[in-house]
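Visitor: I should like to learn how to read the packing and the charged contacts of a protein model. Could we work through one together?

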Amino acid sequence: MNSLLPLAVLFLAAAQSQTPQPAPPPNPAHDISQVDEAPLGGAIAIPLPERERKKLAKYDIPELAGSRQAVGPQRIDGRLPRPLIDYSATSTDVYQRISIFEGGLVVVEVRGTGGTIRKKVLIPDDALHSYLHSISPSALASVRDSELSKPRDTRRSLLRAYDAQQNFVERQFDPMATMPKALSDQVVPLQDLLRAIYQDRGVTNTVAGYMPKAGDQLVGDDKKVYKVVRVVSDKIVELRCLSQPATIYVDVKDLYNYFIGTPGAASR
């Protein structure tokens, strides 16, 4: 299955062609301290072709059903969550990675021509158990290296599955080559989840649920930094661009459609 080329093509689309998505499920209200830093040159989501935008406007993304916003540190008993599954795919122009951790935390990073996307989300327990049932050290160990096409210099995929003791089994292969069914049954669900997360603008964006205050700074999907000037009647936010004389007004509930995060990395 050719999983990298569609992503590379999408990254070539204009970022501002993205149609705002419907409001996401209610997210916990939080201040600017709980909004993630925007990656340098980052984006909210990969712009979609017109037909795909219409589909998303009408239907929910099934892979994210029941998912929750991952706001703030996701520590378990004071420690970082342990990794369970890790999948990455690299080509000349695109790097994709999705990691699943205990507690249902899913972290995604995508780098390509259009910029960088970094997101996290909490999937429900039943979805987590489903992924762990399909993707496990024993299931991955059943895939023989002799069945796989070896990675090339510019193309490489890696799938790694951990056990309870943090021992792992991994397989590396050419992402453009046909996979044996035993491997495909593990990789394809991760590709679907990865795709759902990088297309989403709601539950995976920590700006959703953010309650703005004057003086806060946000990075827009246009990669410019904006400062919150005032909030009118707790509803309309006036923001001023810091790099050019421009002022915009956005409904509080729609901020997640136009802003990525805080300017920690973007300001460098």
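Visitor: Which residues have the most contacts inside the largest nonpolar core?

Guide: A preliminary remark is in order. This is a predicted model, in which local features need pLDDT of at least 70, side-chain atom pairs count only at pLDDT 80 or more, and totals for chains, interfaces and linings use all residues. Residues are numbered from 1 along each chain as its sequence is written, and side-chain values use heavy atoms, with hydrogens and water left out.

In soluble globular proteins, nonpolar side chains tend to be buried together. A nonpolar core is a set of buried Ala, Val, Leu, Ile, Met, Phe, Trp, Tyr and Cys residues joined through side-chain atoms within 4.5 Å; buried means under 20% relative accessible area, exposed over 50%, and partly exposed in between (1.4 Å probe, protein chains only). Here the largest core has 33 residues, and I98, L159 and L183 have the most contacts inside it.

Visitor: Which element gives the largest share of this core?

Guide: Helices (H or I, at least four residues) and strands (E, at least two) are DSSP runs, numbered from the N terminus. The elements that give two or more residues include β3 (95-101), β6 (156-162) and α5 (181-199). The largest share, eight residues, comes from α5.

Visitor: What does L183 touch?

Guide: Contact means heavy atoms within 4.5 Å. Not counting residues up to four places away in sequence, L183 touches L140, V143, L148, L159 and F173.

Visitor: Is D174 buried or exposed?

Guide: D174 counts as buried, because its relative accessibility is 5%. Its place is in the loop between β7 (168-173) and α5.

Visitor: Which salt bridges does D174 form?

Guide: A salt bridge is a side-chain nitrogen of Lys or Arg within 4 Å of a carboxyl oxygen of Asp or Glu. D174 meets R152 in one such bridge (3.2 Å, N to O). R152 lies in the loop between α4 and β6 and D174 in the loop between β7 and α5, so this pair ties together parts that are 22 residues apart in sequence. R155 also forms a salt bridge with D174, the closest N and O atoms being 2.7 Å apart.

Visitor: How many salt bridges are there by this rule?

Guide: The count comes to 16. Another pair is R171 with D145, at 3.7 Å between the closest N and O atoms. R171 counts as buried at 13% relative accessibility, whereas D145 counts as exposed at 52%.
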